[in-house]
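Open the model in your viewer and keep the selection panel at hand. Each stop below says what to select and what is there.

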Amino acid sequence: MPRKTDGIEVDIHPGPKKGEDGKPLLYVRPVKGRKKSFKDLEDFCVRYRGLRTGEMRHVFDVVMEVAGLWLSDGYRVETPLGSFAPKLKLLGEHTDPSTITGRDIVYDGLDFVASKEFISEGGQNREGYRKSQAPVGNSQMYDPQKMEEALKRCLKLGHVTVPVFMAYSGLKRDSAKNYLDSLCKGDHPRLWKMKESRRWFYYPRKETPKV
């Protein structure tokens, strides 16, 4: 059967939960890097939707200015795309409402809720989906043999760092660090770590840390 070449290209990634077979449950998302700029949007609308050059930029500038004014006053602003509202964050830990003052509250970005119409427009996919040819996320992290081989190759140098382990294991940075950190924990840790010049170095546990 020929490979599907149209439709939305998706990457497959392992999630934190595991299935009945003990392997991580998978999820999908569109491949990274596919994006359209505001200029792409404006050029398309000028060519195919009858807008004048600069007209869309002007409308967005005005909407951003006015909506920003209302948002800064605490309003939720509704638009055809969806509604926007300010998100707030409480500094520190509080259990008594009487201890909270205005100085304990800070702005923490915007909350966006897409409108039903916008969600519907974005879901009109007519070409289906196709899997990318990229490896499945960090799925190799769940293969003990692959991780063991990568670790042994790294430790031939006497120690391992996160970037080096990334290169040998194929893991992304956070996953590589989490894996190495996990080997420093438990009743029988295999590694110990030491920070030098903003970089963590991991050593086999049989060695005694130098004080």
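The tour goes from a pocket to a surface patch, then to salt bridges and loops. Bear in mind throughout that this is a predicted model.

**Stop 1: the largest pocket**

Begin with Lys-36, Ser-37, Leu-41, Leu-81 and Phe-118. Of the 30 residues lining the largest pocket, these are the closest to its centre. The space inside comes to about 1,200 Å³.

Now colour the elements around this pocket. Four of them give two or more residues to the lining: strand 1 (8–18), helix 1 (38–48), helix 2 (55–71) and helix 3 (116–122). Which element gives the most to the lining? Select helix 2, which supplies nine residues.

Then colour the lining by residue class. You should count 18 nonpolar, five polar and seven charged residues.

**Stop 2: a nonpolar patch on the surface**

Clear the selection and pick Leu-88, Leu-90, Ile-100, Ile-105, Tyr-107 and Leu-110. Together they make a nonpolar surface patch of about 560 Å². Two elements give two or more residues to this patch, strand 4 (82–90) and strand 5 (105–114). Strand 5 has the largest share, with three residues.

Zoom in on Tyr-107, which sits in strand 5. Is Tyr-107 buried or exposed? Its relative accessibility is 56%, so Tyr-107 counts as exposed.

**Stop 3: Pro-80**

Step back along the chain to the loop between strand 3 (77–78) and strand 4, where Pro-80 lies. Pro-80 has a relative accessible area of 72% and is exposed.

Add Gly-54 and draw a distance from C-alpha to C-alpha. Pro-80 and Gly-54 are 21 Å apart in space and 26 residues apart in sequence.

**Stop 4: salt bridges**

How many salt bridges does a search of the whole structure find? The count is eight. Three of these stops are worth a selection each.

*Glu-9 and Arg-130.* Show both side chains. They meet in a salt bridge at 3.8 Å, N to O. Glu-9 belongs to strand 1 and Arg-130 to strand 6 (residues 129–131), so this contact ties together parts 121 residues apart in sequence. Glu-9 has a relative accessible area of 21%, which makes it partly exposed. The cut-off matters here, because buried means under 20%.

*Asp-61 and Arg-57.* Return to helix 2, whose nine lining residues came up at the first stop. The side chains of Asp-61 and Arg-57 form a salt bridge of 3.1 Å, N to O. Why are they about one helical turn apart? Because Asp-61 and Arg-57 are four residues apart in helix 2. Both ends are partly exposed: Asp-61 at 35% relative accessibility, Arg-57 at 37%.

*Asp-181 and Lys-193.* Select this pair next. Their side chains meet in a salt bridge of 3.0 Å, N to O. Asp-181 is in helix 6 (residues 173–182) and Lys-193 in strand 8 (residues 191–196), so the pair links distant parts of the chain, 12 residues apart. Asp-181 is buried, with a relative accessible area of 11%. Lys-193, at 32% relative accessibility, counts as partly exposed. Add Lys-177 to the selection. Salt bridges with shared partners join Lys-177, Asp-181 and Lys-193 into one network.

**Stop 5: two positive phi angles**

Finish in the loop between strand 8 and strand 9 (199–204), and select Ser-197 there. Most residues other than glycine have a negative phi. Ser-197 is not a glycine, yet its phi is positive, about 50°. Ser-197 is exposed, with a relative accessible area of 75%.

Move on to Arg-198, in the loop between strand 8 and strand 9. Is the phi of Arg-198 positive or negative? It is positive, near 70°, in a residue other than glycine. Arg-198 counts as exposed at 82% relative accessibility.

**Views to save**

Keep one view of the largest pocket, with Lys-36, Ser-37, Leu-41, Leu-81 and Phe-118 among the residues shown. Keep another of the nonpolar patch, with strand 5 coloured. A third can hold the network of Lys-177, Asp-181 and Lys-193. For the last, show Ser-197 with its positive phi, and Arg-198 with its own.

Terms used. Residues numbered from 1 in each chain as written. Predicted model: local features only at pLDDT ≥ 70, side-chain atom pairs only at ≥ 80, totals over all residues. Heavy atoms only, no water. 1 Å grid on protein atoms, 1.4 Å probe; cavity = no way out; pocket = protein on both sides within 12 Å on 5 of 7 lines; lining within 4 Å. Points joined across faces, edges and corners; volume = space filled by probe spheres on them. Nonpolar A, V, L, I, M, F, W, Y, C, P; charged D, E, K, R; others polar. Patch = residues over 30% accessible without salt bridge, like charges linked within 9 Å, V, L, I, M, F, W, Y side chains within 5 Å. Areas by Shrake-Rupley, 256 points an atom, 1.4 Å probe, with all protein chains shown as cover. Salt bridge = Lys/Arg side-chain N within 4 Å of Asp/Glu carboxyl O. Buried < 20%, exposed > 50% of the residue type's maximum accessible area, 1.4 Å probe, protein only.
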